[in-house]
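Biologist: Please take a close look at one part of this protein for me. I would like to hear about the aromatic residues and where they sit.

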Amino acid sequence: QVQLVESGGGLVQAGDSLRLSCVASGRTFSRFRMGWFRQAPGKEREFVAAVSWTGPTYYASSVKGRFTISRDNAKNTAYLQMNSLKPEDTAVYYCATQDAGTYYSPSAYNYWGQGTQVTVSS
């Protein structure tokens with residue numbers, strides 16, 4: 001089993017930056033692909049970014065060039081650096097892990113964190 005704890009969300013103004021963290025723990029090898037998803041009120045959960053254990057990264061077109069995903073395997077931690085934030089980035093952000101599967105599909109992820117709220121004012 002894997003436990004995920006997210007942190008770093010908050011209320012910021014458009015153009016500001018935030019850095020989200022996701023710490024994984026549990027009796028696991030922790031050699032997982034880690035992903036970030038977000039869900040706004042009344043909308044479905046959508047893919048934001050993912051990073052594989054071996055290094056490759058993936059981004060949704062809406063955040064590419066503004067967000068950067070990274071991981072520190074020694075700390076079992078994933079990060080999402082969010083720059084040039086826009087009001088449309090407002091959502092609850094979730095960290096998730098998968099052993100194998102499609103990187104952009106929520107159904108392919110096995111474990112999820114509790115989420116952290118990101119609110120961007122105009």
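Modeller: Here is the overall chain in brief, followed by the aromatic residues one by one.

This is a predicted model. The protein chain has eleven strands and zero helices. Its radius of gyration is 13 Å, close to the 14 Å that the globule rule gives for 122 residues, so the chain is as compact as a globular protein of that length. Along the principal axes, its C-alpha atoms fill a box of roughly 40 × 25 × 25 Å. Of the 122 residues, 43% count as buried. Take the contacts between residues at least 6 apart in sequence: 56% of them join residues at least 24 apart.

Now the aromatic part. A search of the whole structure finds seven aromatic pairs. One of them is formed by Phe-37 and Phe-47. Their ring centres are 5.7 Å apart, and the planes stand at 70 degrees. That angle makes the pair edge-to-face, because the class begins over 60 degrees. Phe-37 belongs to strand β4 (residues 33–39), while Phe-47 belongs to strand β5 (residues 46–51), so the pair ties together parts that are ten residues apart in sequence. Phe-37 is buried, at a relative accessible area of 0%. Phe-47 is buried too, at 11%.

A second pair joins Tyr-109 and Trp-112. It is tilted, with 6.1 Å from centre to centre and 55 degrees between the planes. Tyr-109 counts as buried, with 5% relative accessibility. Trp-112 is partly exposed, at 27%. The cut-off explains the split: buried means under 20%, so Tyr-109 falls below it and Trp-112 does not.

Next comes Tyr-104. Its place is in the loop between β9 (91–98) and β10 (111–112). Tyr-104 is partly exposed, with a relative accessible area of 49%. Exposed means over 50%, so Tyr-104 stays in the partly exposed class. Leaving aside residues up to four places away in sequence, Tyr-104 touches Phe-37 and Phe-47. Those two partners are the buried residues of the edge-to-face pair. Looking along the chain instead, Tyr-104 and Val-120 are 16 residues apart, and their C-alpha atoms are separated by 24 Å.

How do these residues group? Phe-37, Phe-47, Tyr-58, Tyr-103, Tyr-104, Tyr-109 and Trp-112 form one aromatic cluster. Both pairs described above therefore belong to this one cluster, as does the loop residue Tyr-104.

How values were computed
Residues are numbered from 1 along each chain as its sequence is written. This is a predicted model: local features need pLDDT of at least 70, side-chain atom pairs count only at pLDDT 80 or more; totals for chains, interfaces and linings use all residues. Side-chain values use heavy atoms; hydrogens and water are left out. Helices (H or I, at least four residues) and strands (E, at least two) are DSSP runs, numbered from the N terminus. The radius of gyration is taken over C-alpha atoms; the globule rule is 2.2 Å times the number of residues to the power 0.38. Buried means under 20% relative accessible area, exposed over 50%, partly exposed in between (1.4 Å probe, protein chains only). Contact means heavy atoms within 4.5 Å. Rings of Phe, Tyr and Trp (its six-membered ring) pair if their centres lie within 6.5 Å; planes under 30 degrees apart count as stacked, over 60 as edge-to-face and the rest as tilted.
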